[in-house]
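Please open the model in a viewer and keep the selection tool at hand. The tour below proceeds stop by stop, naming what to select and what is to be found there.

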Amino acid sequence: MTNGTTDTTSTTRTVAAYAAQHPDAPLAKTTVTRRAVGEHDIVIDIKFSGICHSDIHQVGEDWGTGIFPMVPGHEIAGVVSEVGPGVTRWKVGDRVGVGCFVDSCRECDNCRAGLQQYCTGEDGLVFTYNGTGRDGLPTYGGYSSELVIDEAYALSIPDSLPLDAAAPLLCAGITLYSPLAHWGAGPGKKVAIVGLGGLGHMGVKLAHAMGAEVTVLSQSLRKREDGLKLGADHYRATSDPATFSELAGSFDLIVNTVSADLDLSAYLGLLRTDGTLVQVGMPEKPITVHPYPMALGRRSLSGSMIGGLPETQEMLDFCGEHGITSEIELIRADEINEAYQRVLAGDVRFRFVIDASTI
């Protein structure tokens with residue numbers, strides 16, 4: 001049994017979804033067509049879909065021209081409801097997740113290395129929504145009742161994790177896990193997380209579980225109690241000039257999760273020699289930085305984007321072992337537009353998740 005209906009003439013599937021019909025339009029209930037189930041496809045009965053700030057950016061065309069109607073959602077958790085005849089990795093009833101992409105070229109050096117997020121193939125990465133599939137049709141995301149996807153691009157969600165709170169791990173979780181793992185967060189390392197929102201709170205949980213000494217750098221101390229409960233050892237306000245003087249040269253790694261226009265030169269000054277500042281938040285405008293703080297301590301400014309399939313599965317398994325999930329507020333589908341406004345106002349602790357049964 002699935003939530004969608006099958007068109008017996010073409011074997012495509014018509015499923016319920018919430019979509020924006022044009023840029024900045026409110027999201028409303030509609031239907032979209034999913035492709036026929038191919039040899040190596042699985043059908044996912046979507047149970048929960050997280051709301052990422054990037055969904056709002058995409059609907060607003062903040063990052064470029066969008067494909068409309070647009071069904072956002074790339075933090076998808078559900079259960080396999082059907083498998084194609086050639087599927088070997090999954091069976092009906094398996095708990096699976098889907099993140100920010102649903103296909104890649106599979107042949108470039110990055111894809112072969114398991115770094116699909118940096119696919120350099122001719123057609124590049126196929127994003128879960130606001131993208132174009134290999135069939136030339138637009139992709140539709142997780143604000144929907146069902147998803148049809150190649151079995152290779154689904155991930156296993158450990159049984160120890162509730163599906164609703166695990167959904168945001170498919171974007172927010174891996175977005176923070178990847179730089180923390182790549183730059184060696186762990187015992188003996190001092191890590192700062194800039195911002196305590198949907199991304200930042202995952203950074204605190206993950207860095208703490210990895211054994212690092214964790215400091216939250218936030219504009220104010222308003223969320224200090226939350227940060228300490230989540231695993232931060234220290235919480236400092238960046239609005240206080242003393243923070244930058246007292247913590248100068250302190251950190252091995254800083255991960256900036258905010259999308260605001262920050263003085264990154266000041267944050268670079270908080271790094272130790274050979275330290276790295278990693279940008280994962282995506283401001284609308286280009287950032288500027290003075291090279292002097294980098295030259296002074298052989299410091300680096302870098303960036304990171306989600307993770308490949310092997311690393312995302314590694315992250316999910318790590319979260320399963322350590323009992324790590326996102327802090328969520330579960331909402332009905334008819335509350336999506338209100339949730340968007342609350343995200344923009346910073347009124348969420350810390351991630352909205354849509355109950356797909358209400359779509």
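A residue is called buried when its relative accessible area is under 20%, exposed when it is over 50%, and partly exposed in between. The model on display is a predicted one.

**First stop: a salt bridge at Arg35**

Select Asp41, whose relative accessibility is 6%, so this residue counts as buried. Now add Arg35: the two residues form a salt bridge, with their closest N and O atoms 2.9 Å apart. Arg35 has a relative accessibility of 36% and therefore counts as partly exposed.

**Second stop: salt bridges across the chain**

Side chains of opposite charge can pair when their charged atoms come close. Select Arg95 and Asp159, whose side chains meet in a salt bridge with an N to O distance of 3.4 Å. This pair links distant parts of the chain, 64 residues apart: Arg95 belongs to strand S6 (residues 95-98), while Asp159 sits in the loop between strand S10 (155-156) and helix H3 (163-166). Asp159 counts as exposed, because its relative accessibility is 68%.

Next, select Glu327 and Lys205, which are joined by a side-chain salt bridge of 2.5 Å, N to O. Glu327 is in the loop between H10 and strand S17 (328-331) and Lys205 is in helix H5, so the salt bridge ties together parts that are 122 residues apart in sequence. Glu327 is partly exposed at 32% relative accessible area, whereas Lys205, at 13% relative accessibility, counts as buried.

For a network of salt bridges, select Arg13, Glu82 and Glu146, which are linked in this way. How many salt bridges does a search of the whole structure find? The search finds 19.

**Third stop: helices H5 and H10**

Keep Lys205 in view and extend the selection to the whole of helix H5 (residues 200-210), then add helix H10 (residues 309-322). The axes of H5 and H10 come within 11 Å and cross at roughly 75 degrees. With that angle, H5 is roughly perpendicular to H10. Which residues of the two helices meet? On the H5 side they are Leu206, Ala209 and Met210, and on the H10 side Phe318, Cys319 and His322. Sorted by class, this contact has 5 nonpolar residues, 1 polar residue and no charged residues.

**Fourth stop: the nonpolar cores**

Leu206 leads on to the largest nonpolar core, which has 95 residues. Select Leu206 together with Ile51, Tyr143, Leu180 and Ile336: these residues touch the most other members of that core. Then turn to a second, separate core of 12 residues, and select Leu217, Phe251, Leu270 and Leu277, which are among them.

**Fifth stop: Asn110 and Gly281**

Select Asn110 in helix H2 (residues 109-112). Its relative accessibility is 23%, so Asn110 counts as partly exposed. Beyond its neighbours within four places in sequence, Asn110 is in contact with Leu115, Gln116, Tyr118, Cys119 and Thr120. Add Gly121 and compare the C-alpha positions: Asn110 and Gly121 are 11 residues apart in sequence and 9.0 Å apart in space.

Finally, select Gly281, in the loop between strand S15 (271-279) and helix H9 (292-297). Is Gly281 buried or exposed? Gly281 counts as buried, because its relative accessibility is 2%. Leaving out residues up to four places away in sequence, Gly281 touches Asn256, Thr257, Val258 and Ser259. From Gly281 to Arg112 the separation is 169 residues in sequence and 27 Å in space, C-alpha to C-alpha.

Terms used. Residues are numbered from 1 along each chain as its sequence is written. This is a predicted model: local features need pLDDT of at least 70, side-chain atom pairs count only at pLDDT 80 or more; totals for chains, interfaces and linings use all residues. Side-chain values use heavy atoms; hydrogens and water are left out. Axes are lines fitted to C-alpha atoms, for helices over the stretch in contact, and angles run from 0 to 180 degrees between N-to-C directions. Helices (H or I, at least four residues) and strands (E, at least two) are DSSP runs, numbered from the N terminus. Angles under 35 degrees count as roughly parallel, over 145 as roughly antiparallel, 65 to 115 as roughly perpendicular and the rest as oblique. Contact means heavy atoms within 4.5 Å. Ala, Val, Leu, Ile, Met, Phe, Trp, Tyr, Cys and Pro count as nonpolar, Asp, Glu, Lys and Arg as charged, and the others, Gly among them, as polar. A salt bridge is a side-chain nitrogen of Lys or Arg within 4 Å of a carboxyl oxygen of Asp or Glu. Buried means under 20% relative accessible area, exposed over 50%, partly exposed in between (1.4 Å probe, protein chains only). A nonpolar core is a set of buried Ala, Val, Leu, Ile, Met, Phe, Trp, Tyr and Cys residues joined through side-chain atoms within 4.5 Å.
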